[in-house]
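Here's a quick tour of a protein chain, one topic at a time. Keep the picture open as you read and try to find each part for yourself.

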Amino acid sequence: MEVTPKVLRNVSVISEVPEDQLQWLIDQSTLLKVPVGDFVFSRGDAIDRLFVLLEGTYEIKVERNGHYKQIAVIRTNEISGALPFSRATTSVGYGEAIEDSLLLTLPKTAFKEMTSQHFELTEALVHVMTSRTREFAKRNLQEEKMMALGKLSAGLAHELNNPASAMARSAVELKKHLGHVPEKFKRIISIKAAPEEIDRINDTLFEKLNRPQENNMGLLERTEKEDALEEWLAEQGVENAYELTETFLDFCMDIEQVEKIRAATTPVSFPTAIEWIENVLTTEKMVGEIQEAAERIAALVSSVKRYTHMDSAPEKNAVDIRVGIKSTLTMLNHKLKRKGIEVEKVFEEALPEPKMMVSEINQVWTNLIDNAIDAMDTNGKLTIKVHRDGAFVKTEVIDNGKGIPAENLNAVFDPFFTTKAIGEGTGMGLEVVQRIVQQHNGDIKVSSRPGETNFTVCLPID
């Protein structure tokens, strides 16, 4: 194939470049044929050539966790590879021909002459670079958001699963339990008891239901009381006494409490009465477990709504920063529990409420807290401080992890900088954090040494 300026006019981005500059490009370049299945470039290769694809197609892909992911497709009459003023030096992926391809390749050593003597050609190629950088940043930002969403979704699913399973389990047990009620009810109504006797039993029962005591018994104390109560109930003629003691101790009813019921009944009616009371307490306990699980699910949903600010229009509102941080901690609670991380919250009372885009600020807390968790080993400590500092509300996220190396400290907010393995981060998280904070006229700083890394966010009150 003979390459002429007329052929290069088919490449839209350089179609308006003067003919003499296109001829210079041809004269300084060489042709490269790449059969289907071969590589235009591989990971680790130097980015030292500009490619003009004259025929064919090749894909750019990266390896993540043992799998290849396509990130771009270069088609006929498109430009790729090294570009003027680009700082990229080494390829992180592969360029594999998916059709027989023919490329015009310009070595990077020719860029100096091009930028000094061929303005229109340089301008067109710089436009390619800026467009490519913008698209790359947009794609990586979207990927970072999807990764964050995935983490939160996994955490929320984990947190919801526990109370949902508890509700299902309690509902099954309650249904089974209620199946025995008719038989027990038949025995209880067969008792001929005086009204005052019934009143004393009711008073004891509903005192426990309406004013339950907090159960602070240790394991040893509880075991001793269960054994003693089981033995005492057996002596009073109660069958299967061991099945009743757990429920009574859950409601803090020991021998002293149960003796009040014994005193209010006859020796014949006591076993039936005590069995009925245990039945009512068991029902109450199961309903309470279902209620507690439902309230926990409602609290999680409420946290999600506060986190995403679903109930408000996307505009700046005066908001208590502490609420967003607490919601974020709820979202990430599964990671905290998995690593056994202690959380210390040092929140100033009567804190001013800056105006902000709440869902965006919550992205800040998510990235900072999630990074802190990743930086710590098991049984670490996360400290979050929020207080007023002059005309600002200052928030500090402090972890006791291994710290950030001094040589990386100035680069942590740079786009695409990451110390995580491929597939675990795109390097956009802290760049997004910095941009959101700056959009709110705030400031973010970081200090780090082994055992203490501190990200400090200052947001203006007015």
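How many of the 11 residues of H11 are buried? The answer is 8, so this helix is mostly covered. Keep in mind that we're looking at a predicted model. The protein chain has 15 helices and 15 strands, and 41% of its 462 residues count as buried.

**The overall picture**

- If you take the contacts between residues at least 6 apart in sequence, 76% of them join residues at least 24 apart.
- One pair to look up is Val 287 and Met 167: they sit 120 residues apart along the chain, and their C-alpha atoms are separated by 9.3 Å.
- Val 287 itself belongs to helix H10, which covers residues 270-308.
- With a relative accessibility of 41%, Val 287 counts as partly exposed, because that class lies between the 20% limit for buried and the 50% limit for exposed.

**Two nonpolar cores**

- The largest nonpolar core has 37 residues, and the members that touch the most others are Trp 365, Leu 368, Ile 369 and Leu 382.
- Several elements give two or more residues to this core, among them helix H11 (321-331), helix H13 (358-375), strand S12 (381-389) and strand S15 (452-460).
- H13 supplies the largest share of this core, with 8 residues.
- Leu 382 has plenty of contacts beyond its sequence neighbours (residues up to four places away aren't counted), including Leu 329, Ile 341, Val 343, Ile 369, Met 376 and Val 397.
- There's also a second, separate core, made of 27 residues, and Trp 24, Ile 79, Ala 82 and Ala 124 are among them.

**Back to helix H11**

- Which residues of H11 are buried? They are Ile 321, Arg 322, Gly 324, Ile 325, Ser 327, Thr 328, Leu 329 and Met 331.
- One of these, Leu 329, is also on the list of residues that Leu 382 touches.

**Helix H7 and its two sides**

- H7 runs over residues 219-235, and its 17 residues should span 24 Å at 1.5 Å a residue.
- The C-alpha atoms at its ends are 25 Å apart, so the model agrees with that expectation.
- Where do the buried residues of H7, namely Arg 222, Leu 229, Trp 232 and Leu 233, lie around the axis? They cover an arc of only 100°, which means they are on the same side of H7.
- Look at the face turned away from that buried side and you'll find the exposed residues Leu 220, Glu 224, Glu 231 and Glu 235.
- Just after H7 comes Gly 237, which takes a positive phi of about 90°.

**Strand S3 and its partners**

- Strand S3 (residues 49-55) is mostly covered, with 5 of its 7 residues buried.
- S3 pairs with strand S8 (residues 101-107) in the antiparallel sense, over 6 bridges.
- In that pairing, Leu 53 stands opposite Leu 103 in S8.
- S3 also runs antiparallel to S6, and 3 bridges join the two.
- Here Val 52 stands opposite Ile 79 in S6, and Ile 79 is one of the residues in the second core.

**A closer look at Ser 80**

- Ser 80 is in strand S6, which covers residues 79-81.
- Is Ser 80 buried or exposed? Its relative accessible area is 4%, and since buried means under 20%, Ser 80 is buried.
- The side chains of Ser 80 and Tyr 58 make a polar contact at 2.3 Å.
- Leaving out residues up to four places away in sequence, Ser 80 touches Leu 50, Phe 51, Tyr 58, Ile 74 and Arg 132.

**Two asparagines in loops**

- Asn 379 lies in the loop between H13 and S12, and it has a positive phi of about 60° although it is not a glycine.
- Its relative accessibility is 62%, so Asn 379 counts as exposed, the cut-off being over 50%.
- Asn 441 is in the loop between H15 and S14, and it also has a positive phi of about 60° without being a glycine.
- Asn 441 counts as exposed too, because its relative accessibility is 59%.

Technical notes: Residues numbered from 1 in each chain as written. Predicted model: local features only at pLDDT ≥ 70, side-chain atom pairs only at ≥ 80, totals over all residues. Heavy atoms only, no water. Helix = DSSP H or I, 4+ residues; strand = E, 2+ residues; numbered from the N terminus. Buried < 20%, exposed > 50% of the residue type's maximum accessible area, 1.4 Å probe, protein only. Polar contact = N/O pair within 3.5 Å; in protein donor to acceptor, adjacent residues only side chain to side chain. Contact = heavy atoms within 4.5 Å. Core = buried A, V, L, I, M, F, W, Y, C linked by side-chain atoms within 4.5 Å. Expected span 1.5 Å × (residues − 1). Arc of directions from axis to C-beta. Pairing = 2+ DSSP bridges.
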